[in-house]
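Let's take a walk through a small set of features in one protein chain. Have the sequence and the 3D view ready, and follow along as we go.

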Amino acid sequence: MFVYQLYYDYDLIDPYIEETEHRMIQNISPDYILKVNCKEEILDALDSVGINLKFIYSDYDNIAKYIKSKSLGL
């Protein structure tokens, strides 16, 4: 999953962004859609080099989720 953060400059006029009730909504049309069949293998490979839930989101809840998943083998 990829994280996409909207950056909007009020000086720019962008037809893909509409502002309603002080909320900005941007329509995103992907160029490519990837279907992953081996999610667990990819997550294990990333974890082996230190990229995991506790690294990306280092708050207490996600650290606890990571430890729980490793100790229970989830």
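## The chain as a whole

Just 7% of the chain's 74 residues count as buried. Keep in mind that this is a predicted model. The accessible surface adds up to about 7500 Å², and carbon and sulfur atoms account for 57% of that.

What does the fold look like if you read it from start to end? You'll meet the pattern β-β-α-α-α, which comes to two strands and three helices.

## A salt bridge between two helices

How many salt bridges does the structure hold? There is one. It pairs the side chains of lysine 70 and aspartate 47, with 2.7 Å from N to O. The two partners come from distant parts of the chain, 23 residues apart: lysine 70 sits in helix H3 (residues 60–72), and aspartate 47 sits in helix H1 (residues 39–48).

Are the two partners buried or exposed? Aspartate 47 counts as buried because its relative accessible area is 16%, and the cut-off for buried is under 20%. Lysine 70 has a relative accessibility of 44%, so it's partly exposed; that label covers the range between 20% and 50%.

## Asparagine 62, a buried polar residue

Back in helix H3 you'll also find asparagine 62. Its relative accessibility is 13%, so it belongs with the buried residues.

Which residues does asparagine 62 touch? If you skip its neighbours within four places in sequence, asparagine 62 is in contact with Leu53, Lys54 and Tyr57. There's also a polar contact of 2.7 Å between the side chains of asparagine 62 and aspartate 59.

## A nonpolar patch on the surface

Now turn to the outside of the model. A nonpolar patch of about 1200 Å² is found on the surface, and the residues that make it include Tyr32, Leu34, Val36, Ile42, Leu43 and Leu46. Also among them are Val49, Ile51, Leu53, Phe55, Ile56 and Tyr57. Helix H1 and helix H2 (53–56) are the elements that give two or more residues to this patch.

Leucine 46 is a handy one to pick out. This patch member is located in helix H1. Why does leucine 46 count as partly exposed? Its relative accessibility is 34%, and that puts leucine 46 between the 20% and 50% cut-offs. Leu53 and Tyr57 may look familiar too: both belong to the patch, and both are in contact with asparagine 62.

Conventions
Residues are numbered from 1 along each chain as its sequence is written. This is a predicted model: local features need pLDDT of at least 70, side-chain atom pairs count only at pLDDT 80 or more; totals for chains, interfaces and linings use all residues. Side-chain values use heavy atoms; hydrogens and water are left out. A salt bridge is a side-chain nitrogen of Lys or Arg within 4 Å of a carboxyl oxygen of Asp or Glu. Helices (H or I, at least four residues) and strands (E, at least two) are DSSP runs, numbered from the N terminus. Buried means under 20% relative accessible area, exposed over 50%, partly exposed in between (1.4 Å probe, protein chains only). A polar contact is a pair of N or O atoms within 3.5 Å; within protein, one must be able to donate a hydrogen and the other to accept it, and residues adjacent in sequence count only if both atoms are side-chain atoms. Contact means heavy atoms within 4.5 Å. Patches are made of residues with over 30% relative accessible area and no salt bridge: like charges are joined within 9 Å, nonpolar side chains (Val, Leu, Ile, Met, Phe, Trp, Tyr) within 5 Å. Accessible areas come from the Shrake-Rupley method with a 1.4 Å probe; for residues, only the protein chains shown count as cover.
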